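Biologist: Hello! I'd love a close look at one part of this model, with its surroundings to follow.

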Amino acid sequence: MTGTENRQIAFLGTGLMGAPMARRLLAAGLPVTVWNRDLGKAEPLAAAGARLAKSPADAVSGASVIFTMLSDGSAVEDVLFTKGTAEALAKGTVVIDTSSIAPPIAKDHANRLAGHGVAHVDAPVSGGVVGAEAGTLAIMAGGDADVIEGLADVFAPLGRVTHVGPSGAGQICKLANQQIVAITIGAVAEAMMLVEAGGASREKFREAIRGGFAESRILELHGQRMVERRFEPGGPSRLQLKDLNAVAAMAETFSLELQLTSDVRQAFEAFVADGNGELDHSALLLHLEKINRRKGAVDDRV
C-alpha cells in the first residue's frame, strides 16, 4: 500500500469527531465507505462522495485501511469482533483505531487482529471538533513504525502524526493528554472565578493573559466558552470522566500517585453524576461555581 490511488478507506463511527475526519479524507480524494450505528449521522457524508454501508462488515469489504472512531473500548470491541468485522477483513489490511480507549484493550485488539493477518495502529487524536474540521489534529500513533510510516498519505489530511511507541503507546499518550486537558480546564475555570470575585472582567482577563505563559488551546477555546457560557459539546464531560477513570486505572497499575488528576477526576465524577454528562467538559466551571455558590462566594447564575 504505497499510493493514495490504491487506498480504499472504511470509516466506522461518524459522530462528532468521525464525521469531519471522514470528510477530510474525502476532500483529499480518498474513496471512503462510512458506517455509523445511527445511520442518520453517516448519511450527510454521502453528499461529499462517501458510500454508505448498512453494517461494519459491509463497510470494510474491499477496504485496505479501516478507521474506527467510537465512544469507548466496549464499542470498539463490539464493532470489530462481536459484529464479525474482523472476519471480514482481508489479510494485509490496517485498522487505525482513533478512539480513546484503555491501553490494555488496544494491545488486546492488536494481538487478536494479528491472528487475522491484520495490522493494528492505536492512534487517538487531540484537537477536538475544531481540529478535526481543520485537519490539524495531533495524532499519537502506537504500533509498528513501518506500518505507520506507510500510512503517511492517509494521516496527512487529518493532522500531524507522531509514532510514540509500540502497541498501546498511543493510548497511554492520549490519557496523558487528557490529564493535561482536564487539569487545565479546572485551572482556567477556577481562575475565572477568582478574577471575577476580585472585580475584574472574565473576558478582559482572558484577553490580557493571551500570549503570556498561561496561553494554551484550553484558554483560547474553552476559556471563550466559559466567558460566553456556551457548553454544547465539543467533548462531552462523560467522555472526559471515562478517560480520567482510565488514567486512574493505569496509575494504580504503575503504583503512581497523581494528586491533581485525582482531584479533577472527583470533580468530573460529581458533575456527571449531577446529570451533566452531555455538556462540554469546559462546563466543569458550572460545578465549581455551584460549590462556591453554596458558600455564598459567587452570584447565582444560569
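Biologist: Where does Arg229 lie?

Modeller: Happy to help! This is a predicted model, so local features need pLDDT of at least 70 and side-chain atom pairs count only at pLDDT 80 or more, while totals for chains, interfaces and linings use all residues. Residues are numbered from 1 along each chain as its sequence is written, and side-chain values use heavy atoms, with hydrogens and water left out.

Arg229 lies in the loop between α11 (217-228) and α12 (237-253); helices are DSSP runs of H or I with at least four residues, strands are E runs of at least two, and both are numbered from the N terminus. The phi of Arg229 is near 60 degrees, a positive value in a residue other than glycine. Arg229 counts as partly exposed because its relative accessibility is 24% (buried is under 20%, exposed over 50%, partly exposed in between, with a 1.4 Å probe and protein chains only).

Beyond α12, the loop that leads to α13 (259-276) holds Ser255. Though not a glycine, Ser255 has a positive phi of about 60 degrees, and its 67% relative accessibility is why Ser255 counts as exposed.

For the interior, turn to the largest nonpolar core (buried Ala, Val, Leu, Ile, Met, Phe, Trp, Tyr and Cys residues joined through side-chain atoms within 4.5 Å). Of its 31 residues, Phe11, Leu25 and Phe67 touch the most other members. α1 gives the most to this core, with 4 residues. Leaving aside neighbours within four places in sequence, Leu25 has contacts (heavy atoms within 4.5 Å) that include Ile9, Phe11, Val32 and Phe67. A second, separate core of 24 residues includes Val195, Phe268, Phe271 and Leu284.
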